[in-house]
Amino acid sequence: MLSRTALALLVLALAVNGVVGQGIERPAVPFSGGEELVYQAEFNKGLLRGIDVAEFRFKAETQRVSTRGLSEARGLSEGDPVILRLAGDVASKGLFPRIAGFRFHEHVESTVDPDPFTVLRTSKLEEQGKRVRASEAVFDHQARKVTWTERDPNQTQPPRTSALEFSEPIQDILTMIYFLRTQKLEVGKSFEVPLSDSGKVFRFAVAVVERKQLNTVLGRVNAVRIDPALFGENGLVRSRGSLSIWITEDSRRLPVKAQLKVDIGTFDIKLKRLSYSDAKNLR
């Protein structure tokens with residue numbers, strides 16, 4: 001139970017990844033590079049209220065990639081394609097090791113084609129207590145197949161591999177919220193998102209539930225609440241639980257709050273700090 005709850009917390013951590021602010025001119029998506037978002041997770045149950053259990057840091061960068069190879073030697077041009085590079089770090093802190101019985105850290109990197117918005121490659125490093133796993137997923141959009149590889153860096157066994165078919169536009173757990181932000185979120189409506197994680201492909205529903213004003217680190221904001229159906233027998237996490245995420249309705253569309261409810265209690269995640277570096281011109 002504690003292990004499944006830890007996994008659910010990781011799912012939530014990745015779901016509220018570093019969504020960024022004002023859009024770049026090309027491609028026309030509401031993301032820009034050079035932003036860091038820091039979230040704080042609190043555990044709430046009975047007398048254990050407001051206990052820090054984890055911290056999340058997420059970044060996004062926009063880059064041009066050369067179609068000619070040896071980009072450093074030949075330089076980049078306006079005609080070269082743009083990609084998004086996303087990175088997320090999640091680490092336990094405070095009383096979480098006592099609640100779950102172990103420490104965890106997870107690092108995820110995703111490479112994304114922004115037009116159409118879909119994932120190209122995902123790499124993960126997961127550390128839960130003594131357990132360490134490194135995995136990579138490569139998405140072949142011509143064949144519509146994803147090849148997943150997992151290995152234990154501390155062992156010599158051959159890696160586990162699998163290849164699965166998918167439907168477009170496919171996402172991973174880190175790019176999911178970015179994709180959701182490209183959709184028109186209308187209260188009362190729902191839609192499905194194809195997602196690949198850990199060598200499997202899922203189709204899960206996302207419900208747009210309500211609008212609400214929230215007090216946040218950004219001040220009082222108008223936000224829309226979405227409920228991704230990640231739990232259940234056919235879900236990403238096969239246990240009971242619910243997940244809600246609140247995204248601002250301004251031009252930045254930032255996820256400022258999330259709540260995970262599982263058997264052992266409630267985890268409340270709030271945006272703690274938002275920072276931008278100077279925007280770099282695409283060369």
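The following dialogue examines how terms are applied to one predicted protein model.

Biologist: What makes a local feature acceptable in this model?

Modeller: This is a predicted model, in which local features need pLDDT of at least 70 and side-chain atom pairs count only at pLDDT 80 or more, while totals for chains, interfaces and linings use all residues. Residues are numbered from 1 along each chain as its sequence is written, and side-chain values use heavy atoms, with hydrogens and water left out.

Biologist: What is the mean pLDDT of the protein, and where does pLDDT stay under 50?

Modeller: The term pLDDT is the predictor's confidence in each residue, from 0 to 100. The protein has a mean of 81, and 81% of its residues reach 70 or more. Over residues 1-9 the pLDDT stays under 50, and the model has 22 contacts for them beyond four places in sequence (a contact means heavy atoms within 4.5 Å). The pLDDT is also below 50 over residues 12-28, a stretch with 75 contacts in the model beyond near neighbours in sequence.

Biologist: How many helices and strands are there, and how are they recognised?

Modeller: The protein has four helices and 14 strands. Both are DSSP runs numbered from the N terminus: helices are H or I with at least four residues, and strands are E with at least two.

Biologist: Why is Ser92 called buried or exposed?

Modeller: Buried means under 20% relative accessible area, exposed over 50%, and partly exposed in between, with a 1.4 Å probe and protein chains only. Ser92 has 13% relative accessibility, so Ser92 counts as buried. Ser92 is found in strand 3 (residues 82-92). Leaving aside residues up to four places away in sequence, Ser92 touches Val53, Ala54, Arg103 and Phe104. Of the 283 residues of the protein, 47% count as buried.

Biologist: Why is the pairing of Asp152 with Arg133 called a salt bridge?

Modeller: A salt bridge is a side-chain nitrogen of Lys or Arg within 4 Å of a carboxyl oxygen of Asp or Glu. The closest N and O atoms of Asp152 and Arg133 are 3.2 Å apart, and the pair forms a salt bridge. Asp152 lies in the loop between strand 7 (145-151) and strand 8 (160-165), and Arg133 in strand 6 (residues 131-140), so the pair ties together parts that are 19 residues apart in sequence. Arg133 is partly exposed, because its relative accessible area is 21%.

Biologist: What general reason is there for such pairing?

Modeller: Side chains of opposite charge can pair when their charged atoms come close.

Biologist: How many salt bridges does the rule give, and which residues form a network?

Modeller: The count comes to 16 salt bridges. Glu36, Glu55, Arg57 and Lys272 are linked in a network of salt bridges. In another salt bridge, the side chains of Arg225 and Glu210 meet at 3.4 Å, N to O. Arg225 is in strand 11 (residues 219-228) and Glu210 in strand 10 (residues 200-216), so this pair links distant parts of the chain, 15 residues apart. Lys184 and Glu186 also form a salt bridge, with their closest N and O atoms 3.3 Å apart. Lys184 has 69% relative accessibility and therefore counts as exposed, whereas Glu186, at 24%, counts as partly exposed.

Biologist: What makes a space a cavity, and how many of 30 Å³ or more are there?

Modeller: On a 1 Å grid over the protein atoms alone, a cavity is a set of points where a 1.4 Å probe fits but cannot get out; lining residues have an atom within 4 Å of a point. Grid points are joined across faces, edges and corners, and a volume is the space filled by probe spheres set on the points. The structure holds two cavities of 30 Å³ or more. The largest cavity has a volume of about 110 Å³. Its lining has 14 residues, of which Ala137, Trp148, Ser196, Asp197 and Ser198 lie nearest its centre. Strand 6 gives the most to this lining, with three residues.

Biologist: What makes the phi of Ser198 notable?

Modeller: Most residues other than glycine have a negative phi, and most peptide bonds are trans. The phi of Ser198 is near 55°, a positive value in a residue other than glycine. Ser198 lies in the loop between strand 9 and strand 10.

Biologist: Which peptide bonds are cis?

Modeller: The bond from Asp115 to Pro116 is cis, with omega near 0°. Another cis bond joins Glu168 and Pro169, with omega about -5°.

How values were computed:
On a 1 Å grid over the protein atoms alone, a cavity is a set of points where a 1.4 Å probe fits but cannot get out, and a pocket is an open set with protein on both sides within 12 Å along at least five of seven lines; lining residues have an atom within 4 Å of a point.
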